[in-house]
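I set aside some time today to browse a model and write down what I looked up. Here are my notes, in the order I made them.

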Amino acid sequence: MFKVQSHMQKLLVTFLVSTVYILFGLLSIWAAIPPGFATVVWPAAGLGLLAVLLLGPFALFGVFAGAAVLNFIISLNYAGGEPSLFVSGMMGAFAATQALVGRVLIVSVIPAPVNFVRPAVVAKFLLLGAIISPLTGATLSNIFLWAQGVISDQDWFKNWVSWYMGDAIGIVFIIPWLLVFTPKTLSSHVSKVRFVFYSLITITSCTALLGWLVTKTEMEKHKVEFTVNANVLERALSGELSKVSDILQALAGFVRIQEDVTPSEYRVFTLDLLKRNPSIHGLSWNERLEGRELKAFETAMQASYEAFDPTIHFEVKGLDAKEDMGAVDNLDTHVIVSFIEPMTGNIKALGLDVYSQISRRKALDNAWSSHRLFPTAPINLIQGDRSEPGVLMFMPGGKTTGSNHSGYATAVLKAQVMIENAFGDSLLPTLGVLVFDPAAPSGQSTLFRQNLSGEDVEYLTTGWNKPAEDRAGFLAERFPLNEVRTITVGGHSWVLLQVSGSSFLYQPWGVHLLLAGSVLFAGLLGWFIIIVAGHTDEIEYQVKRRTRDLTQANSRLVESEYAQAEAVKDAERSNRAKSEFLANMSHEIRTPLNAILGLSRLGLNQEPPANFRDKFEKINHSGELLLGIINDILDFSKIEAQKLELEEQIFSIKDIISQLRDLFLEQAKAKGIELQFRFDGKLRPWLTGDSLRLRQILVNLLSNAIKFTSEGSVTLVCRYEDIDDHECLLVISVTDTGIGMSESQQKVVFDAFTQADSSTSRKFGGTGLGMTISHRLATAMDGNISVTSRQGEGTTFIVKLPFKLPQPREIDEFKAERARVRDNREGALSGHVLLVEDNEINQEVVGEQLRHLGLDVTMADNGALAVAATRRHHFDIILMDIQMPVMDGYEATRQIRESGINVPVIALTAAAMVEDKRKALECGMDDHLSKPFRQEEMYAALTKWLNASKSTLTSPRDDGKG
């Protein structure tokens, strides 16, 4: 631990910790997915914990200050709420309390200095620091915010889970990064910093790419939903307006086809229309007259109303410039309210010359000249002590044969009610919707709004007056999602705006869960890399120290032989320890990875909906990527330890080329480059050697060629050079037209963890192990790889490998065996399988896969239970795990064989080393399958050994008795 002594050091520590804490927090908020600003990872929690651990309790002041300032910034700029110094200070205090609790737990359990190389120490550290200590901050913070009324009762638990998971994942993910950059004076030195750094970059890049792709896909999905909803709103509102137009046309037709209309007839006709359309406040017929007709019309209408209701006095009246009612002016044209329903509350409008209102005259003239429905600008409808937006709709109608009437069928619309009825359930609760009249003054143009403040409405209606080419920019400036629809209202038009201040319509929890799982897995893999690097460094240190001791001992005559022998033994023990460590870590990583890949494949086999299929495929693809990284690291370690063993089997070079074409053809097409394969000279289709390693070399070469080629072609050419009658030299060249390499880059292309330069790794990714492994595999196969390249012109790799030529009899036997396996695969599987597996998740995954193939499955949790089961029941085949409690798979197989049971036993284990397969066969097992396995590998093994079991093998105890 670093001792903070002077006041200047204390101030510097506080400032540094608080600044980095704020930066990490802002980065998390920036990467969060709105609405709600939920984030799947909170790395600031990891910074606070590590700072207090390494710098001591004084770093708590920095954590407190950073968390308080960060929460104040969030409340000010992000949450949209009122900032509070008290609330922000309490949030800072809770963050510091969480870091202090984590420090106390870790210091009390793990002795100082904390050695992050040991798996047991890492496990304890993650349990105390990442699982237990975040409970403190999440619980205290959420209880406080709930008490302050910031969090509701319904949202408390959801918010607590999100808070806790964010802190926990943040601690797991960020601390490996911080350890790489922490000075030696503060912590234990991280071994092989370059290796760890490149590994972390690779892991984080893959995770970030996955997160970006998933988020982008979800964003596009929400954008489509947003557009579809805007179309629904447009059609709904247009339909409602069409209904109003139809009502007015019916009203106009009713009046115009009759010579005389009485108030009672008008009432009977309109009351049902009003009852069925609550958004229509009133319906009136406004007669259009010339000035000379006015007096006679008034007399006739007065007589009609006296016969209807003697209390009603019909009198023509007008409005002056102040909108006060009085005598009508002598104009050429008058538009008189002749009939109106409901009469109650509207009696004053009877006889009013609407044409005398300057604000109505323009709409009346436009309707009359265009012969189409025309609305007025929005008006305020007074309902008791409240008002609501409304609009007058004028439908013109001229005289018809036999009728004395011409004028306007008029509807007083409650705009808010009409638009709400039209939209109904189509209004999404998170979206802003505005309907306004663009021709009206900006302060009086609003007809309907939802989830928009007065400031937002002012911004939208005022900005609409900008030139058409600038409208898209001003909308996107405040609302990332926006849709504009023009609503035709007869001879006029309204504007419907649907906007969202976020790129997401609702919280995409599926994306959050996928990203949380990916980040958590990346963090755990980072810890694994640190452990591997530390053990590798320790082993190398031990080897170097023993080698130095051996050199010094050689100078002493008497002790030289003894010291040399001891040094060799120690080196062998170190290598064995390294191999055992790699085997154990391979087993521990592959076991959960088998569950991840198996569950994702089972999910895909169950034909899920499209959105779930997409997520299952992405989980499966990410697992395959991580498996590839692990395999590369383990392959490299095996080569380094000279533990790589090669197989000698007959294979077809044409089959390998065909597999490579299928593997890379779509990838090449996606980049728009041509992929070519060809043979030069005499074709030798059959060879004997390690086809798996040959394919691995060619996969690495083709993958690199396509990765670094953006246009042109990638060509693989295969030819042969005779060595003698029993052996030939296979020469394969892979040529691309990509970016090429300089001479200095060609010198290091086969070095471990090396790429052309840092920009290459940032742009193209990769661990830098592929070419190293290919080069060392070729060397192990007594061959070589060479490279020629020029920058900007492309690269050619040439592989030369010797292979034996099989005899015709061997080829015929191989073909017959392959045909037999293929025929067996076409038949349905049946039989009773004993699955010996101690991992419950793998029991579920493998068991479901076996049942899907038609097999009966019995489970055994360890080797002892498996031995007991074979003595009570007959099984057609046994799938045996290796590392299990009570009794391992080796001992269980030995006891089964000693009891005389010859049922086929297949090792189904995460122990994937060559030594593990050899050891399994030596103890009496018949075959070996390594986890994670592919469905076709399992099917082939089961087909082979089930047929063998049914034809030749029987159990001595098949009567069900113990």
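**Strand 8 and its lysine**

I started with strand 1 (residues 280-290), which pairs with strand 8 in the antiparallel sense over seven bridges. One facing pair I noted is I280 opposite L413 in strand 8. A reminder to myself: this is a predicted model.

Next I checked how covered strand 8 is, and eight of its eight residues are buried. Strand 8 spans residues 407-414, and K414 lies in it. I then asked which side chain of opposite charge is nearest to K414. I found E388, 5.0 Å away, and K414 has no salt bridge although it is buried. The cut-off for a salt bridge is 4 Å, so 5.0 Å does not qualify. Leaving out residues up to four places away in sequence, K414 touches P278, S279, H281, L381, E388 and P389. So E388 is in the contact list of K414 even though no salt bridge is formed by K414, because a contact needs heavy atoms within 4.5 Å and a salt bridge is a matter of a side-chain nitrogen and a carboxyl oxygen.

**Strand 9 and a long helix-to-strand link**

I moved on to strand 9 (residues 432-436). Five of its five residues are buried, so strand 9 is largely enclosed by the rest of the structure. Which way do its side chains point? I see G432, L434 and F436 pointing one way and V433 and V435 the other way, and all are buried.

Strand 9 has two partners in my notes. With strand 12 (residues 492-500) it pairs in the antiparallel sense over five bridges, and F436 stands opposite V495 there. With strand 10 (residues 446-450), strand 9 is joined by four bridges, again antiparallel, and F436 stands opposite T446 in strand 10.

V433 also led me to L233, which is found in helix 8 (residues 193-256). L233 and V433 are 200 residues apart in sequence, yet 9.6 Å apart in space, C-alpha to C-alpha. The two are in contact: L233 touches F423, S426, L427, V433, L496 and Q498, not counting residues up to four places away in sequence. I logged L233 as buried because its relative accessibility is 1%.

**The five-stranded sheet**

I traced an open sheet of five strands with the order 21-20-22-23-24 and parallel pairing. Its edge strands are strand 21 (856-860) and strand 24 (927-930), each pairing on one side only. From one strand to the next, the twist averages 20°.

Inside the sheet, I looked at strand 22 (residues 877-880) and strand 23 (residues 905-909), which run parallel and are joined by three bridges. There L879 stands opposite I906 in strand 23. Helix 24 (residues 840-852) packs on the sheet and touches strand 20 (832-836), strand 21, strand 22 and strand 23. The direction of helix 24 makes about 160° with that of strand 21. Helix 26 (residues 889-898) packs on the sheet too, touching strand 22 and strand 23, and its direction makes about 155° with that of strand 22.

**Cysteines**

Last, I asked how many disulfides the structure holds. The count is zero. C718 is in no disulfide, and the nearest cysteine sulfur, that of C728, is 9.1 Å away. C718 is buried, with a relative accessible area of 0%. C923 is buried as well, at 8%.

Note on methods: Residues numbered from 1 in each chain as written. Predicted model: local features only at pLDDT ≥ 70, side-chain atom pairs only at ≥ 80, totals over all residues. Heavy atoms only, no water. Helix = DSSP H or I, 4+ residues; strand = E, 2+ residues; numbered from the N terminus. Buried < 20%, exposed > 50% of the residue type's maximum accessible area, 1.4 Å probe, protein only. Lys, Arg positive; Asp, Glu negative; His and termini not counted. Pairing = 2+ DSSP bridges. Axes fitted to C-alpha atoms, helices over the stretch in contact; angles between N-to-C directions. Disulfide = S-S within 2.5 Å.
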